[in-house]
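Biologist: Could you take me through one small part of this structure, up close? I'm new to this, so plain words please.

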Amino acid sequence: MVIREYQQTDCEKLADLFYSTVHTVNAKDYTKEQLSGSVHDFVYGSKCCYPV
């Protein structure tokens, strides 16, 4: 396994993975409001995918 630093080109796949995990594996840990709004806005909105 090769571990490398985050690259901007990883953003879309990483966002999809996070969104999918929150809505499946961890859905029980979030309210309906969080699942319908906050998570989506964070993942696909202006707060996501800035270079670190």
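Modeller: Sure, let's zoom in on Asp-10, keeping in mind that this is a predicted model. Leaving aside residues up to four places away in sequence, Asp-10 touches Arg-4 and Glu-5. Where does Asp-10 lie along the chain? Look at the segment just before α1, the helix that covers 11–23.

Now for Arg-4. The side chains of Asp-10 and Arg-4 make a polar contact at 2.8 Å. That pair is also a salt bridge, with 2.8 Å between the closest N and O atoms. In general, side chains of opposite charge can pair when their charged atoms come close.

Is Asp-10 buried or exposed? Its relative accessible area is 18%, and the cut-off for buried is under 20%, so Asp-10 counts as buried.

For contrast, hop over to Lys-28. Lys-28 has a salt bridge too, this one with Asp-29, and here the closest N and O atoms are 4.0 Å apart. With a relative accessible area of 69%, Lys-28 is exposed, because that value is over the 50% cut-off. The count of salt bridges for the model is 2.

Let's zoom back out. The protein has 2 helices and 0 strands. Of its 52 residues, 17% are buried, and Asp-10 is one of the buried ones. The accessible surface adds up to about 4,500 Å², with carbon and sulfur atoms accounting for 59% of that.

Conventions: Residues are numbered from 1 along each chain as its sequence is written. This is a predicted model: local features need pLDDT of at least 70, side-chain atom pairs count only at pLDDT 80 or more; totals for chains, interfaces and linings use all residues. Side-chain values use heavy atoms; hydrogens and water are left out. Helices (H or I, at least four residues) and strands (E, at least two) are DSSP runs, numbered from the N terminus. Buried means under 20% relative accessible area, exposed over 50%, partly exposed in between (1.4 Å probe, protein chains only). A polar contact is a pair of N or O atoms within 3.5 Å; within protein, one must be able to donate a hydrogen and the other to accept it, and residues adjacent in sequence count only if both atoms are side-chain atoms. Contact means heavy atoms within 4.5 Å. A salt bridge is a side-chain nitrogen of Lys or Arg within 4 Å of a carboxyl oxygen of Asp or Glu. Accessible areas come from the Shrake-Rupley method with a 1.4 Å probe; for residues, only the protein chains shown count as cover.
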